[in-house]
Amino acid sequence: MIDFSGMFLYLAVSAFTPGPNNLMCMYLGANYGLRGSRKFITASMASVFVKALLCGLLNVALARVIPAVIPVMKWVGAAYMLYLAWSMLKSGLKKEAAVQQKGESTYSAGILLQLLNMKSWVAALSVFSVYVVPYTTALWAVFAGSFTMLGLLIAASLCWCLFGRAIKDVYEKYRLVLSILMALSLVYCAVTALL
């Protein structure tokens, strides 16, 4: 029988801890609010759901392919995180928040982040290889794991985005310092992705 409590706890910790998606949600929330972040969050969550389904349905096949793909994905993912860090840093150097959104909160940005986000790939692979496939290969279990992951990631993304919005005044006052800290956090994510 699937250990749903263990799977839920693992996914909750994975979803709510800082990572590229959560840092971007906080940044976008501070700059554009929840409404302005909706394209990024929607695309990111749709991508995570597809990723979870793929990992669940193709767990055995991916286990054979991933060792060859991981080094490449790590470098590409780290490079994209550094690009996001650079974007945050440039934003912090501006005197005021941009009135018009650039390419930060778009569907393509959300999809690209999740495509390259090693944290969510590892979470999706882990949840199915540890909590689902050893107990059952039933289609309902793959969907249950995917929906559980999606639900927790939606909650985490909304929390991080709303937190960013809540600190908007602080962010505006200390824009450069907070942008540097968030950018350094993404640099840290990029470096640890390569280790």
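In this predicted model, the side chains of Asn31 and Arg175 are joined by a polar contact of 3.2 Å. Asn31 sits in helix H2, which covers residues 20-57. Its side chain also has a partner on the backbone: a polar atom of the Asn31 side chain lies 3.0 Å from the backbone oxygen of Tyr27. As for solvent, Asn31 doesn't see much of it, with a relative accessible area of 8%; that is under the 20% cut-off, so the residue counts as buried.

On to the cysteines. The structure turns out to hold 0 disulfides. Cys161 is a handy case to look at: the nearest cysteine sulfur belongs to Cys25 and is 6.0 Å away, and Cys161 is in no disulfide. A pair of sulfur atoms has to be within 2.5 Å to be called a disulfide, which is why the 6.0 Å between Cys161 and Cys25 does not qualify. Cys161 is also buried, at 0% relative accessibility. Cys55 is buried too, with a relative accessible area of 0%.

Then there is the packing of two helices, H5 (residues 118-132) and H6 (residues 139-166). Their axes come within 11 Å and cross at roughly 140 degrees. An angle has to be over 145 degrees to count as roughly antiparallel, so H5 and H6 end up oblique to each other. The crossing of H5 past H6 is right-handed. On the H5 side, the contact is made by Ser120, Ala123, Ala124, Phe128 and Val132. H6 brings Ala141, Val142, Gly145, Ser146 and Met149 to that contact.

Terms used
Residues are numbered from 1 along each chain as its sequence is written. This is a predicted model: local features need pLDDT of at least 70, side-chain atom pairs count only at pLDDT 80 or more; totals for chains, interfaces and linings use all residues. Side-chain values use heavy atoms; hydrogens and water are left out. Helices (H or I, at least four residues) and strands (E, at least two) are DSSP runs, numbered from the N terminus. Buried means under 20% relative accessible area, exposed over 50%, partly exposed in between (1.4 Å probe, protein chains only). A polar contact is a pair of N or O atoms within 3.5 Å; within protein, one must be able to donate a hydrogen and the other to accept it, and residues adjacent in sequence count only if both atoms are side-chain atoms. Axes are lines fitted to C-alpha atoms, for helices over the stretch in contact, and angles run from 0 to 180 degrees between N-to-C directions. Angles under 35 degrees count as roughly parallel, over 145 as roughly antiparallel, 65 to 115 as roughly perpendicular and the rest as oblique. A crossing is left-handed if the near helix is turned anticlockwise from the far one by less than a right angle, and right-handed if clockwise. Contact means heavy atoms within 4.5 Å.
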